[in-house]
Amino acid sequence: MTVYDASTQLQTLLYDKKALLVVDDAWNPEHVEPFRVGGSDCRVLVTTREAVIKGATAYKLDVLTPDESIKLLEKSCSSLKLEERHLAQELAATVGYLPLALDLAASQVAEGVTWTELLEDLQKDIAYLETLDLPGLEKYSTEEKRKHYSLIASFNLSLRSLTPEMLQQFAWFGVLPEDVNITPAMAATLWAITPRQALTTLRSFKTKALVLPGITLNEQQTYRLHDLMHDMAKRSLVSEPSPYQPHELPGLGLKLAEAHSQLLERYQNKTTSGLWHTLEDDGYIYANLSWHLEQAQRVEDLHQLFEEETEKGHNGWYEACDRLGQNGIFVTDVARAWRLAEDMYTENSSNSIYLQCFYALITASLNSLVANLPNDLLIALVNKKVWTPNQGLAYALQSSNPSQKADSLTALANHLPPNLEKLALEKALAAAKLIQDERHRAEALFALVDKRPELLPEALAAARQIQNEESRAIEALFALVDKLPSELLLEILVAAKQIQDEESFPEALFALVDKLPPELLPEALAAAKLIQDEEYRADALSALAILLSRIPTDQLFSFWKQILHELSLRTRQNLLADIEKLVPVIFALGNDAAIASVNCAIQDVARWWH
């Protein structure tokens, strides 16, 4: 899907909604534009350090206050003595009260560096950086520049405290994409050490505030990099091993493409016969292999990835992703390879056309696979443990048809563990909102109401928007009525009254009959009596007859008279069926004697007209 397609779908979804979109850490103004698509009731909140967003109102967030800075430092350094507090206050001012810089400082103090040493080193580094007047900071004020220099100086001090080996290990973080979770198994390959050694190193980096805790993956803690730390690592990756200036840190002296190739070689050494699909899952490489291949400029290897076969002759990369329940990785990788195939058209048109058709056929095959998989079979495969819950969810997510995707995800959700059930329902709702057909969109929303009761008003609104009256009455209202709380029944009754098709309105009342409370009966009767066609009017009143016994006795006879006159306008067979429905009403009006009298009336009339 292109950015344009995604933006168009977002616009369709939000044009009449109230929504707040949060675009976090935008560094390019162009990246914000696709999100500026909502209607007049939508707002976009952008967080950024660099980008100037046209037409946006800027709100500059303050740094920590002096007191807040001291509290942050005391979390790592326990209580401060009076002299230490004065030095800590001076240090906090020196780093511009920036939380990340304070964390780095606190970690050094915790490791035995004195406040005096730390403060002197920081001031010396900041002064040196100011003499360099680093490029790219021309647009910032003197104060903003100083904060930036103080942050770099804090990074440098923390990195200088590392051993040469750990400094090189930190630099290798620069080969990773931003915002990834780093597992010990992945770090072991990155640094060519054992997973146990990698875990120890990651924990040490965390203690020094150089990495942050990430998500828990398979009951194991992962780690992540602050984006500024990632920038620092990337810079170290390409910097010279022997710096020209004494204040500069030694780097690895690699070109980025070369670094990516080295990492890929380490992974390929762990494969069987050089086949990528034989790699063990380390929580990282499957999701990022194609990206590394592109960054290493190994485009031919990326295309070759999709031609790997298993011993049984199946597509190796697809089977590997499927085994992990991560079919979305395969789809993303196909999209990347397809884009690169398009890019090579000028230099090799015949191969470009071949590859484009190759990836188109793969995509169409995936769509066919999903389209031909009934929900019952999908659920059975998960319940019988032929597929893992992740695999089942991955298959349902593959569908390019929003209606089918919403249906499959909703059906599957009840058979997934809680965390995947929540994800499935979120994806089902997103798919339902993209359905263009009004009736199908309403059906998809109704199906979700059992699990997501807060969708009731939206489902009701969708029912009202259906243009085909018969569909709205028979399908929409039938689906919705059993899920409505009593306070919303009046709304659905109003919606039913708006149906112009007189044949459909009685069926809508049948859907409502078991749910309507007595106080809404007059409203329903009034609506039914407005039907012009005698047959349809009688059908509607017959649907309501069963409700009569629920209203107060002093009002019962009046309603009985009205309905009985209307019901008599149909055939005797119809009336007999209606009288059977009215037995509770007859009993309420005259007890057993009334029931016996009505029975006599039926027999008397039956003798006259057989």
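Here is a short tour of the structure, from the whole protein down to a few residues.

**The whole protein.** Keep in mind that this is a predicted model. Start with everything displayed as a cartoon: the protein has 30 helices and four strands. Now switch to a surface view. The accessible surface comes to about 32,800 Å², and carbon and sulfur atoms account for 52% of that area. Next, colour by burial: of the 610 residues in the protein, 42% are buried. If you like contact maps, take the contacts between residues at least 6 apart in sequence; 60% of these join residues at least 24 apart.

**A nonpolar patch.** Select Leu 20, Val 22 and Leu 45 together. What do they form on the surface? They make up a nonpolar patch, with a combined accessible area of about 290 Å². Then zoom in on Leu 45, which sits in strand β2, a stretch covering residues 42-46. Its relative accessible area is 43%, so Leu 45 counts as partly exposed, falling between the 20% and 50% cut-offs.

**Two cysteines.** Now select Cys 321 and Cys 600. Is Cys 321 buried or exposed? Its relative accessible area is 1%, and because buried means under 20%, Cys 321 is buried. Cys 600 has 44% relative accessibility, so this residue is partly exposed.

**Disulfides.** Last, look across the cysteine sulfur atoms. How many disulfides are there? With a cut-off of 2.5 Å between the sulfur atoms of a pair, the count is zero.

Conventions. Residues numbered from 1 in each chain as written. Predicted model: local features only at pLDDT ≥ 70, side-chain atom pairs only at ≥ 80, totals over all residues. Heavy atoms only, no water. Buried < 20%, exposed > 50% of the residue type's maximum accessible area, 1.4 Å probe, protein only. Patch = residues over 30% accessible without salt bridge, like charges linked within 9 Å, V, L, I, M, F, W, Y side chains within 5 Å. Areas by Shrake-Rupley, 256 points an atom, 1.4 Å probe, with all protein chains shown as cover. Salt bridge = Lys/Arg side-chain N within 4 Å of Asp/Glu carboxyl O. Helix = DSSP H or I, 4+ residues; strand = E, 2+ residues; numbered from the N terminus. Contact = heavy atoms within 4.5 Å.
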